[in-house]
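Me: I would like to learn how to read a predicted model of this kind, going from a single residue outwards to the whole chain. Could we take the features one at a time?

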Amino acid sequence: MNLIAYLLKSRGLVNSMQRLPTIATRFGVSTAKMDRALNGYVDIANAYGTTPTLAVTANLIERHPSVFERLSQRGAELAIHGWVHTDYRALDADEQRAHIERGLAAFAQRGIPVEGFRCPYVRWNEDSVTTAKELGLQYGSNRTVAWDVVPADDGISPRALEAYRKGLSLYGSAEAASMVSLPSFVNGLLDLPASLPDDEALVDRLRTTPQRREQIWRDILDEVHALGEMFVLILHHERLALCRSALEAVLTHTQDRQPHVWLASLAEISAWWHRRAGYRLQIDLTAEGTYRVIAPDDPDVAVVARGVDGGAALRPWFGDYQMARSSHFSIRAPKRPAISVDEDASPTLLQFLVAEGYVVQRGGSDCSLHLGGWRTFEDTDKRAVLAVIDASDAPLVRIWRWPQGARCAMSLTGDVDSMTLVDFIRRPLEV
Ligand SMILES: [Zn+2]
């Protein structure tokens, strides 16, 4: 699928023909305008102590090497967004491999480090993930989570809403009501899901006002913060001018959240999640109703607890949860503050609960919470399981998801598909 096919499929003929000239005029004849936009994005991120992750279609690195060398040198994280901007789901495994190898060679030739990938149009399949893993990439950002932040009765036309929904279905996006926005290993490779609506949806599909864009991204952050999950924002540099106020509004909004929001690049989140994946909590009964909790010896790890008496070992954190002051401490609780599942529960459920930082066991009656059932368990069941845990008042101790007691994580990302008007016009010809 090329750009024209994409626009027709996702926005309809009339809408596409109306929007194409508008989109084209955002680019300049030389790289100067888009170079300023990319560096402007880095400047804003830097002002808030973070750096964006820019997923670049690799043939642009061959075409405009100095732009990307400078971005990398000034600390922006670059990821690979295909060799050309085509639908990788339409390519077989060998073709995908040839594309990604060629793309990675362009990064290597310029000495630009690359750890992650996002497929063009976030369209991918199992071969994309296997190939990326075999070629040494550490993470992908290819699943998308659509947040329920676009009210239908808010001056957004039915046609605009329809265009937005078409985009979601093309991306294979899942509603946040059914999918958690958390890192997860998909076919063996870590995937960091992106949040929607992105800038393209806000500007070109929903045609929202700047004030509405600010509100929508702030609303996503509020939901993510309440849930303790991850907000991977997508902003394409060609819409920075149109979405600058929304970007600054959401970043400002991160600053007064308590507990704090962890602003990090995708590579930083990937490194943390890989490191954390090996960590386990130990909860030992030392006397009747007394447990010794031993956490991994890593100063970034936060252990949180609810419904237990930890005395001075715990301090207030978020909601019912308190945070441990050190990695070894004792608590009093009527039962072991851990989760048991049925003997025949799905191993995928166990893996998920362990990844969530809980102590989990099959069977037994000494745990404070029992999750019965779940002989099968899918990605879309995670939200329901978390709701059961939240709704119970069972005492629990766990390793928290994010480092240093951050409540949630947020990452600024952008896909760099074109740098000039010529790149933009050439895109449909490159498959
Ligand atoms: Zn793209």
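**From one residue to two domains**

Reply: In this predicted model, setting aside residues up to four places away in sequence, Ala 305 touches Gly 310, Leu 314, Tyr 321, Gln 322, Ala 324, Ile 331, Pro 337, Leu 396 and Val 397.

Me: Which residues have the most contacts inside the largest nonpolar core, and how many residues does that core have?

Reply: In soluble globular proteins, nonpolar side chains tend to be buried together. Here the largest nonpolar core has 126 residues, and Val 56, Val 303 and Ala 305 are those with the most contacts inside it. At least three residues of this core come from each of domain 1 (3-257 + 408-429) and domain 2 (277-405).

Me: How many residues of each domain are in contact with the other, and what separates the domain centres?

Reply: Nine residues of domain 1 are in contact with seven of domain 2, and the side of domain 1 that touches domain 2 has six nonpolar, three polar and no charged residues. The centres of the two domains, taken over C-alpha atoms, are separated by 35 Å.

Me: At what angle do the axes of helix 3 and helix 11 cross?

Reply: The axes of helix 3 (residues 32-47) and helix 11 (residues 240-255) cross at roughly 5° and come within 11 Å. Because angles under 35 degrees count as roughly parallel, helix 3 is roughly parallel to helix 11. Helix 3 contributes Ala 37, Gly 40, Tyr 41 and Ile 44 to the contact, and helix 11 contributes Leu 240, Leu 247 and Glu 248; by class, this contact has five nonpolar, one polar and one charged residues.

Note on methods: Residues are numbered from 1 along each chain as its sequence is written. This is a predicted model: local features need pLDDT of at least 70, side-chain atom pairs count only at pLDDT 80 or more; totals for chains, interfaces and linings use all residues. Domain bounds come from an automatic or database domain assignment. Two residues are in contact if their C-beta atoms, placed from the backbone, lie within 7 Å. Ala, Val, Leu, Ile, Met, Phe, Trp, Tyr, Cys and Pro count as nonpolar, Asp, Glu, Lys and Arg as charged, and the others, Gly among them, as polar. Axes are lines fitted to C-alpha atoms, for helices over the stretch in contact, and angles run from 0 to 180 degrees between N-to-C directions. Helices (H or I, at least four residues) and strands (E, at least two) are DSSP runs, numbered from the N terminus. Angles under 35 degrees count as roughly parallel, over 145 as roughly antiparallel, 65 to 115 as roughly perpendicular and the rest as oblique. A nonpolar core is a set of buried Ala, Val, Leu, Ile, Met, Phe, Trp, Tyr and Cys residues joined through C-beta atoms within 7 Å. A residue is buried if 20 or more other C-beta atoms lie within 10 Å of its own, exposed if 12 or fewer, and partly exposed in between; C-beta atoms are placed from the backbone.
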